[in-house]
Amino acid sequence: MVRQTKSNESPAPDFFYQPEAPQVGLVPLTGPFYATPSEPADPMDCDRYPDSPWCGGNPIDIMPLGIGLDIVQDECNFGVQFSGTFLFFKIPPVQIVYRNPDCFPQPEEPQENNDYEEDLEIPDGLNIYFLYQSYAYTSETLYLGNNRVGRYESKTTQNIANVEFPYQGDVTIPAPWNPNIQIKPLWKLDLIASASAQYNGVWRSTRLGNRMADSEVFTYSHNETFTFYGDNSKTLYTAYYNRSGGFAYEHNFYYFQTRDMLQRYVAQEKMRGRPVSAYRITSTNEISGSTRTDESIYAIYGAPAPPPKIEPPPPPKKECCKMGCCPDNSNLERLLRLLIKRVGEPKQVTIFDEDLTRQGAQKTTKTPQSLNDYFKLTVDRIEIANRIIGIDTFPVTVPDTMIEPFKEGVFAKVFGFIDGKKKRKINNITEFIAWMSEQDSAVLGEFHQVIEYQTQDKKTATIVLPNVAESLKEIVLLTSQMAKQNNIQTELIFKMATEIVATRAVATKGTTVIQDIQDYLDYPTNTKKAKINTAISLPKFNTNKEGIPIATQNSENPKNFLKVGEVEYTYDDWTGSNSLHDQLLDLLQLAAMLRAIYFQRTDQE
């Protein structure tokens, strides 16, 4: 319904005054105040621009310039409406209203509160500690008046992929006095950082411009890996990046030499009102109905202490033998030192899926302290790999072929070489893959296939089917074309059936009338037979002794049916004598004779 503005019309008496209704698309300003959106009004939006010709209004005014002020009021809103005229054109009205908070639609209370807060657990037995945080932010804003929701989601995650401690290499750092200075850091850390954001609905943002469409969605994501080198003199490590679209993120982590230092930091943050804990907090604006969810997760990545450096035992004290000579152990000591050097110090190894009863990705770091521990860990990992591969299920028995041969009639010779009951034993995965390839080849057949056919002008054409997908494509295309043709044929058959029924009815009516006329006139006729040409050739059946038609091979051939044929019919032909014309002449002659006999002049009396 079009609502006409009253600001440019003659003032009505006070007892007929009606306030303006609030517009539907008002957006929040601050607190309970709402106003007309700043973007231009759509000429088809009858609520924003009731004077639009599209809405049945008149946008032309007799005044070149003008301004009007009206009151906006209903049971929940109270405000003013500004309207005006510029160069004889009416400007879309603008409203500013105050809304009663009691009339606002309140968001539904969640059935279950998923908010939580968990204190950080600090593990024991680590030499150094790295503390990092991932967080997410979700905002959902309800735009009152049009029941539309704007939603914004942002997530920033961090994951420490690897820590080398102690770090064995050197790092070159820039310096104004010596650009090639090298340091030997205590540790090296790889941090994988990712950030993502999504806007949808009618969210308003200076990054994205003005209001988005209801179905429009804007997404942003970025992943990056940072490498840090550190020692004992620094606690906070931070990395920044700023990408296109105005999205800037900061990733940081804290380094602590001991567990006590990390505990002191957690206690200090708690005293400052910033507890180091995992939490999810959901808040709701009581006035606008908007909701906001903040989530934070802390994690600790620790490096175990390096193994103690074991010094080789001191050489045994030389003892002289009774004969006054001592054995030469210098070669033995050299071999022991060489053996210790080649065995080396324990190294960290990263393994996955240590616990097969758990689901999801798993990752852990272990440091075997001896060769036996390394061998045991290697054997355990090999056994787990064998279990995952399924080595305990081999050998397996499978049919030699998945195709069941058809051994009836002519096909008995074609498939005679296939033994459907034959079995095959498979001992490993390689044989199993080869067997599956054979079955796929047997089921799918050989490709490519070349099909030759003749067109209507008796030319040879070729279709190449290189694989199953192309074959299915050709079948689908042919099926779709046949479906279209069948639809046309079905429609034509229905129309022709309707015409045939109507034609038969008219022909039957005409035949009946002609028979009535022939009976009425009762003129002499002879029975005759005649033939007419037809577009098709009806089958000519042979008959048996009882007169029943017998179909032959020629009569059932479709090609004969499409040839031009003849149809014989019987009719009554007039003999040519004693016609109605001759009888009428005799009657006229008789009438003339009667007139001559009974003729008498009366004009002479």
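Isoleucine 300 has a relative accessibility of 22% and so counts as partly exposed, a class lying between buried (under 20% relative accessible area) and exposed (over 50%), with a 1.4 Å probe and protein chains only. Isoleucine 300 is placed in strand S16, residues 291-303; helices (H or I, at least four residues) and strands (E, at least two) are DSSP runs numbered from the N terminus. Its C-alpha atom is separated by 6.7 Å from that of tyrosine 129, 171 residues apart along the chain.

The model is a predicted one, in which local features need pLDDT of at least 70 and side-chain atom pairs count only at pLDDT 80 or more, while totals for chains, interfaces and linings use all residues. Residues are numbered from 1 along each chain as its sequence is written, and side-chain values use heavy atoms, leaving out hydrogens and water.

Strand S16 also takes part in a salt bridge, defined as a side-chain nitrogen of Lys or Arg within 4 Å of a carboxyl oxygen of Asp or Glu. Arginine 280 bridges to glutamate 295, with the closest N and O atoms 3.4 Å apart. This pair links distant parts of the chain, since arginine 280 belongs to strand S15 (residues 277-284) and glutamate 295 to strand S16, 15 residues apart. Arginine 280 is partly exposed at 24% relative accessibility.

The structure holds nine salt bridges. Among them, glutamate 269 pairs with arginine 272 at 3.3 Å between the closest N and O atoms, and with arginine 274 at 3.0 Å, N to O. Glu269, Arg272 and Arg274 are thus linked in a network of salt bridges. Within this network, glutamate 269 is buried at 9% relative accessibility, arginine 272 is exposed at 53%, and arginine 274 is partly exposed at 46%.

Next come the aromatic side chains. Rings of Phe, Tyr and Trp (its six-membered ring) pair if their centres lie within 6.5 Å; planes under 30 degrees apart count as stacked, over 60 as edge-to-face and the rest as tilted. The count by this rule is 16 aromatic pairs. In one of them, tryptophan 187 and phenylalanine 253 have ring centres 6.4 Å apart and planes at 65°, so the pair is edge-to-face. It joins strand S11 (residues 187-200), which holds tryptophan 187, to strand S14 (residues 248-256), which holds phenylalanine 253, 66 residues apart. Tryptophan 187 is buried at 0% relative accessibility, and phenylalanine 253 is buried with a relative accessible area of 0%. Tyrosine 254 and phenylalanine 256 also have ring centres 6.4 Å apart, but with planes at 20° this pair is stacked. Tyrosine 254 is partly exposed at 22%, whereas phenylalanine 256 is buried at 4%. Ring pairs further link Phe130, Trp187, Phe228, Tyr237, Phe253 and Tyr255 into a cluster.

On the surface, patches are made of residues with over 30% relative accessible area and no salt bridge, like charges being joined within 9 Å and nonpolar side chains (Val, Leu, Ile, Met, Phe, Trp, Tyr) within 5 Å. A nonpolar patch consists of Leu29, Phe33, Leu69, Phe82, Val94, Ile96 and Tyr98, with about 630 Å² of accessible area together; such areas come from the Shrake-Rupley method with a 1.4 Å probe, and for residues only the protein chains shown count as cover. Strand S5 (residues 89-99) gives this patch its largest share, three residues. Valine 94 lies in strand S5 and is partly exposed at 39% relative accessibility.
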